[in-house]
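Trainee: I would like a close look at one part of this model, the place where two neighbouring helices meet, followed outward into whatever surrounds it. Please take it slowly and connect the pieces as you go.

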Amino acid sequence: MDGGGYSVGEVAKIAKVTVRTLHHYDEIGLLAPRGRTRAGYRRYHDTDLDRLQRILFYRELGFPLEEIAAILDDDSVSPSEYLRRQHQLLTDRISHLQELAAAVEHAMEAQKMGIQLTPEEKFEVFGEAYQEDWETEAEQRWGGTAAWAQSQRRTGGYVKADWQRIKAEADALNARLVEAFTAGEPADGGAAMDLAEVHRQHIRDNFYDCTFEIHRGLAAMYLADPRFTATYEQLAPGLAQWLHDAVLANAALRTGE
């Protein structure tokens, strides 16, 4: 700086804007520097820098240049009122950004869990017995497996309608299982094994490649984990054991093992 103020290059460096931007602001009358050298070069003074600071503030908030000019040229607004307005605008902006951040975090968590639903929608789709901590437990138990990774990739794009369809398919299959079981179909009979295969294919179609080995593991869990056992026992007493046996019989038939 010399006695004549700041050059356009110096102001550009201080304010972290381009020289071209400052020339444009001058051309449209938004920021006309108060001084000129004898050679006609722009010279900016402290009051110009104050105005530039305000311009950049409103630009950061997305105001168009025409509106910024109207705001800054309003002589009825005192410096303290400018500060109050800026504080309010910043507060509103922070609040908005916090809401956006919360929405992104929610989306990230939903993507991580593979269920793109709000908590209310989860209970609506899966019923009152649904517990959100099941998702955390599932990740802890199988998070390092290829099946888990495949399931996350596939379900990451599911929306509410997809989960409603999957739930409806599962309910329909459970109804068929109950019908076959209560009709006295043997677990190692054709009807039971066909339903066990439908059960496996339902998992393959919607989540991951459920091999016969994985299917056997799931069947074992239906007896080992009381929560899974209860799910089927509530449908029909004895159904958990019957489905377990049908899954094993189907796997043995189709793999020859």
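Mentor: In this predicted model, the meeting of α11 and α12 is made by Met221, Tyr222, Leu223 and Ala224 on the α11 side, which face Pro226, Phe228, Thr229 and Tyr232 on the α12 side. Helix α11 covers residues 212-224 and helix α12 covers residues 226-233, and the two pack with their axes 5 Å apart at an angle of about 90°. An angle between 65 and 115 degrees counts as roughly perpendicular, and α11 and α12 are therefore roughly perpendicular to each other.

From that list of contacts, Tyr232 is a good residue to follow outward. Tyr232 sits in helix α12, and with a relative accessibility of 8% it counts as buried, because the cut-off for that class is under 20% relative accessible area. If residues up to four places away in sequence are set aside, Tyr232 touches Asn174, Leu177, His199, Tyr222, Leu239, Ala240 and Leu243. Tyr222 in that set also belongs to the α11 side of the helix pair, while for Leu243, which lies 11 residues from Tyr232 along the chain, the separation of the two C-alpha atoms is 8.7 Å.

Another of the partners of Tyr232, His199, leads into helix α10, which spans residues 190-206. His199 is buried, its relative accessible area being 6%. Apart from neighbours within four places in sequence, His199 is in contact with Leu173, His215, Tyr222, Tyr232 and Leu243. Tyr222 and Leu243 thus appear among the partners of His199 and also among those of Tyr232.

Helix α10 holds a second histidine that can be set beside His199, namely His202. His202 likewise counts as buried, at 14% relative accessibility, and its contacts, again without residues up to four places away in sequence, are with Ile166, Glu169 and Ala170.

Between α10 and α11 runs a loop, and Cys210 lies in it. Cys210 is buried, with a relative accessible area of 0%. Leaving out its neighbours within four places in sequence, Cys210 is in contact with Arg200, Ile203, Arg204, His215 and Leu218. For one of these, Arg200, the sequence separation from Cys210 is 10 residues and the C-alpha to C-alpha distance is 6.3 Å. His215, another partner of Cys210, is also a partner of His199, and in this way the contacts of the loop residue and those of the helix α10 residue have a residue in common.

A second helix pair can be set against the one you asked about. Helix α3, residues 46-60, and helix α4, residues 65-72, have axes that come within 10 Å and cross at roughly 135°. That angle makes α3 oblique to α4, and the crossing of the two is right-handed. On the α3 side the contact involves Arg51, Arg54, Ile55, Tyr58 and Arg59, and on the α4 side it involves Leu65, Ile68, Ile71 and Leu72.

The chain also contains strands, with 13 helices and 3 strands in total. The 3 strands form an open sheet in the order β1-β3-β2, with antiparallel pairing. Its edge strands are β1, at 6-7, and β2, at 35-36, each of which pairs on one side only. The pairing of β2 with β3, residues 42-44, is antiparallel and runs over 2 bridges, and within it Gly35 has Arg43 of β3 as its bridge partner.

As a contrast to the buried residues above, consider Lys16, which lies in the loop between α1 (8-15) and α2 (19-27). Lys16 is exposed, with a relative accessible area of 74%. It has a positive phi of about 60° although it is not a glycine. Most residues other than glycine have a negative phi.

For the chain as a whole, 35% of the 257 residues count as buried. The accessible surface comes to about 15300 Å², and 55% of it belongs to carbon and sulfur atoms. Among contacts between residues at least 6 apart in sequence, 57% join residues at least 24 apart.

Technical notes
Residues are numbered from 1 along each chain as its sequence is written. This is a predicted model: local features need pLDDT of at least 70, side-chain atom pairs count only at pLDDT 80 or more; totals for chains, interfaces and linings use all residues. Side-chain values use heavy atoms; hydrogens and water are left out. Two strands pair if DSSP finds at least two bridges between them. Helices (H or I, at least four residues) and strands (E, at least two) are DSSP runs, numbered from the N terminus. Buried means under 20% relative accessible area, exposed over 50%, partly exposed in between (1.4 Å probe, protein chains only). Contact means heavy atoms within 4.5 Å. Accessible areas come from the Shrake-Rupley method with a 1.4 Å probe; for residues, only the protein chains shown count as cover. Axes are lines fitted to C-alpha atoms, for helices over the stretch in contact, and angles run from 0 to 180 degrees between N-to-C directions. Angles under 35 degrees count as roughly parallel, over 145 as roughly antiparallel, 65 to 115 as roughly perpendicular and the rest as oblique. A crossing is left-handed if the near helix is turned anticlockwise from the far one by less than a right angle, and right-handed if clockwise.
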